[in-house]
Amino acid sequence: MEQKKPLVSISCITYNHGPYIRQALEGFLSQRTDFPYEILIHDDASTDNTQEIIREYEAKYPDIIKPIYRTENQYSKGICNVSGAFNFPRARGKYIAMCEGDDYWCDPDKLKLQADYMEAHPECSMCFHAARIITESKAFVRKEIRPYRESRTVPAAEVIDKPFNYPTASLFFKTELGQALPAWYHDCPIGDIPIHIFMASRGSVYYFDRFMSVYRLGVATSWTTQMQAGDAAAVREKHRQHLEDLRRMYTAFDTETGGKFHAAVEAALLREDFLTELNVGNFSVVTEKDNRKYINELPQPQKTLLMLQAEHPGLYGFLRSCYYRLKGSNG
């Protein structure tokens, strides 16, 4: 008997997510919907037990879970955006929902809320929502990704030039657009930002001020962790290269859209310049007058820490060491 076509295709990429993938899969399978959905998994040649766990779930839900098991890592071959290369093209749903294998959904009504909104607003190309943060380390981090303080439509210029990234596990967009992403998406080593700005240029974008997913920070195989791995010179070079990749991507987007969003693109690049300096440890930029607006956008605890690092590095180092000793003593 032919299976009913899904309304939503969940795109999940995994690589050595053995400790986390069950929680991700359970989050997918616990969704309360009145429509069918499929779970497209691309495992990029995991060397732990990730594939074994996925096969276990595939055996239980063969009509829903559709995995690709790689024996050779595609990312290492230069295929940066694995979702767009291997999951989006095979999506049968009208919409694509994203969630990587080390994150998970914590709201069983997430898919229905997003699908219902998109069905009622055909002009909308993408919607997203807030996320909680949990960390695998003892580092001091903020507890949430909450870009805005109310549910609302986000103007394209604001999507392009934004203070905070949007949670990957919150992204929900039209499949026809996900299957028409341009070359500058595939060339960019990080897939989220190109999706955001492309969708913003093709329709409206809506934000749900509701925590419906969890972002796991500090996973060893994550892009964020890998960017900070190595000595200071290596980290600096990786971030400089990332900035150049983003510059090339934004420039291609600006050209493709005929300069319609040029002011927002220029502002976004200035923001990326600032963030790159922070990521490579140049905290002197915090005190520069031209960067004050970026600092004022931050939550107060993060703002205080950055100002302390910039103006009193010795005191910051002392307080940081005390914090880690306290965390260590508490397990």
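# A guided look around His196 and beyond

Visitor: Leaving aside its neighbours within four places in sequence, which residues is His196 in contact with?

Guide: His196 is in contact with Met126, Val159, Lys162, Asn165, Tyr166 and Leu171, once neighbours within four places in sequence are left aside. Please keep in mind that this is a predicted model.

Visitor: Is His196 buried or exposed, and where in the fold is its place?

Guide: Buried means under 20% relative accessible area. His196 has a relative accessible area of 0%, so it counts as buried. Its place is in helix H8, which spans residues 192-202.

Visitor: What does the secondary structure of the whole protein chain come to?

Guide: The protein chain has 14 helices and ten strands. It holds 331 residues, and buried ones make up 49% of them. The accessible surface comes to about 15,600 Å², with 53% of that belonging to carbon and sulfur atoms.

Visitor: Among contacts with a separation of 6 or more, how many join residues 24 or more positions apart?

Guide: Such pairs account for 76% of those contacts in the protein chain.

Visitor: Let us return to the interior. Which residues of the largest nonpolar core touch the most other members?

Guide: A nonpolar core is a set of buried residues of certain kinds, joined through side-chain atoms within 4.5 Å. Here the largest one has 39 residues, and Met126, Phe128, Ile160, Phe173, Ile195 and Tyr250 touch the most other members. Several elements each supply at least two residues of this core, including strand S6 (124-135), H8, strand S10 (204-217) and helix H10 (232-256). H8 gives the most to this core, with six residues.

Visitor: Met126 has come up twice now. What does Met126 touch, not counting residues up to four places away in sequence?

Guide: Met126 touches Met118, Tyr166, Leu171, Phe172, Phe173, Ile195, His196, Met199, Ser204, Val205 and Tyr206. Apart from the core of 39 residues lies another core, of 33 residues, and among them are Phe28, Tyr117, Cys127 and Ala169.

Visitor: How should I read a helix? Which residues of helix H4 are buried?

Guide: A good approach is to list the buried residues, then look at their directions around the axis. In helix H4 (residues 110-120), the buried ones are Lys110, Leu111, Gln114, Ala115, Tyr117 and Met118. They cover an arc of only 160° around the axis, so they lie on the same side of H4.

Visitor: And what covers the buried residues of H1?

Guide: The cover includes strand S1 (8-14), strand S2 (37-43), helix H2 (50-60) and strand S5 (104-105). The residues of helix H1 (residues 21-29) that are buried are Ile21, Ala24, Leu25, Gly27, Phe28 and Leu29.

Visitor: Now for strands. Which residues of strand S3 are on the covered face, and which on the uncovered one?

Guide: In a regular strand the side chains alternate between the two faces of the sheet. For strand S3 (residues 65-69), Ile65, Pro67 and Tyr69 make up the covered face, while Lys66 and Ile68 make up the uncovered one.

Visitor: How many residues of S1 are buried?

Guide: S1 is mostly covered, with seven of its seven residues buried. Val8, Ile10, Cys12 and Thr14 point one way, Ser9, Ser11 and Ile13 point the other way, and all are buried.

Visitor: How many bridges join S1 to S2?

Guide: Seven bridges join these two strands, which run parallel. Thr14 stands opposite Asp43 in S2. S1 also runs parallel to S4, joined by four bridges, and Ser11 has Met98 in S4 as its bridge partner. As for the path of the chain, S1, H1 and S2 make a right-handed β-α-β unit.

Visitor: How many bridges join S2 to S3?

Guide: Five, and these strands run parallel. The bridge partner of Asp43 in S3 is Tyr69. The chain crosses from S2 through H2 to S3, and this β-α-β crossover is right-handed too.

Visitor: One last feature, in the loops. Where is Asn16 found?

Guide: Asn16 is in the loop between S1 and H1. Its phi is near 50°, a positive value in a residue other than glycine. At 17% relative accessibility, Asn16 counts as buried.

Visitor: And where is the place of Ala45?

Guide: Ala45 sits in the loop between S2 and H2. Ala45 has a positive phi of about 60° although it is not a glycine, and with a relative accessible area of 12% it is buried.

Key
Residues are numbered from 1 along each chain as its sequence is written. This is a predicted model: local features need pLDDT of at least 70, side-chain atom pairs count only at pLDDT 80 or more; totals for chains, interfaces and linings use all residues. Side-chain values use heavy atoms; hydrogens and water are left out. Buried means under 20% relative accessible area, exposed over 50%, partly exposed in between (1.4 Å probe, protein chains only). Contact means heavy atoms within 4.5 Å. Accessible areas come from the Shrake-Rupley method with a 1.4 Å probe; for residues, only the protein chains shown count as cover. The arc is that of the directions from the helix axis to the C-beta atoms. Two strands pair if DSSP finds at least two bridges between them. A crossover is right-handed if, with the strands pointing away from the viewer, the path from the first strand over the helix to the second runs clockwise.
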